[in-house]
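Let's take a look around this protein together. Have the sequence and the 3D view ready.

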Amino acid sequence: YHHIQQGSIILGCDGLQAQGDIFSNSTYSRLTKPHSDLLTATKKALHDSVIQWNWKHIPGHQDNNGIFPLDRWANLNIEADINAKTYRESLPQSAICLPTDLPGEIFIMV
C-alpha cells in the first residue's frame, strides 16, 4: 500500500483460534466460522504482501491477574479491548452491522 518492498511485522493477537486461522495454509476460512469474512480478507492481505508476517500470542485480560508490570504487548492488548468495548457501548441499542467491502472478502449467494 505504501510501496514497501521488504521488511517484517509481528501481528499480536489474544485469540489463538484466530491466529491459527489467519496463518494456516488454507486460502479461505469456512463460512461457518465467526468473522470468516475478516479472516479471509486478512489472509488475502498477508498473501499479497511482500512483507514477512509473523504472529505473537498475547494472553488476554492480563490486567485481571494482579501481576504487574505488564509488557508493551499486554498493555496494547488491554487498550484495544477497552477501545472496542467503548465503541460497542457508544452504539445505539438498535444499531445493526451492515456489510462492508473488504479487499479479498468473498460473498457467496445461496
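Below, we visit two residues and then a pocket, keeping in mind that this is a predicted model.

## Asn77 in helix H3

Start by finding helix H3, which covers residues 72-90 and is home to Asn77. Is Asn77 buried or exposed? Its relative accessible area is just 9%, and the cut-off for buried is under 20%, so Asn77 counts as buried.

Who does Asn77 touch? Skipping its neighbours within four places in sequence, Asn77 is in contact with Asp14, Ile58, Gly60 and His61. With Asp14 there is also a polar contact between the two side chains, at 3.4 Å.

## Asp48 in helix H2

Next, go to helix H2, made of residues 36-48, where you'll find Asp48. Asp48 has a relative accessibility of 47%, and since exposed means over 50%, this residue is called partly exposed.

The side chain of Asp48 has a partner too: it makes a polar contact of 2.5 Å with the side chain of Lys44.

## The largest pocket

Now for some empty space: the largest pocket holds about 440 Å³. Its lining is made up of 14 residues, and those nearest the centre are Cys13, Ala18, Ile22, His35 and Leu39. Strand S1 (8-13), helix H1 (16-22) and H2 each give two or more residues to that lining.

Which element gives the largest share of the lining? That's H1, with four residues. Sorted by type, the lining has seven nonpolar, five polar and two charged residues.

How values were computed: Residues are numbered from 1 along each chain as its sequence is written. This is a predicted model: local features need pLDDT of at least 70, side-chain atom pairs count only at pLDDT 80 or more; totals for chains, interfaces and linings use all residues. Side-chain values use heavy atoms; hydrogens and water are left out. Buried means under 20% relative accessible area, exposed over 50%, partly exposed in between (1.4 Å probe, protein chains only). A polar contact is a pair of N or O atoms within 3.5 Å; within protein, one must be able to donate a hydrogen and the other to accept it, and residues adjacent in sequence count only if both atoms are side-chain atoms. Contact means heavy atoms within 4.5 Å. On a 1 Å grid over the protein atoms alone, a cavity is a set of points where a 1.4 Å probe fits but cannot get out, and a pocket is an open set with protein on both sides within 12 Å along at least five of seven lines; lining residues have an atom within 4 Å of a point. Grid points are joined across faces, edges and corners, and a volume is the space filled by probe spheres set on the points. Ala, Val, Leu, Ile, Met, Phe, Trp, Tyr, Cys and Pro count as nonpolar, Asp, Glu, Lys and Arg as charged, and the others, Gly among them, as polar.
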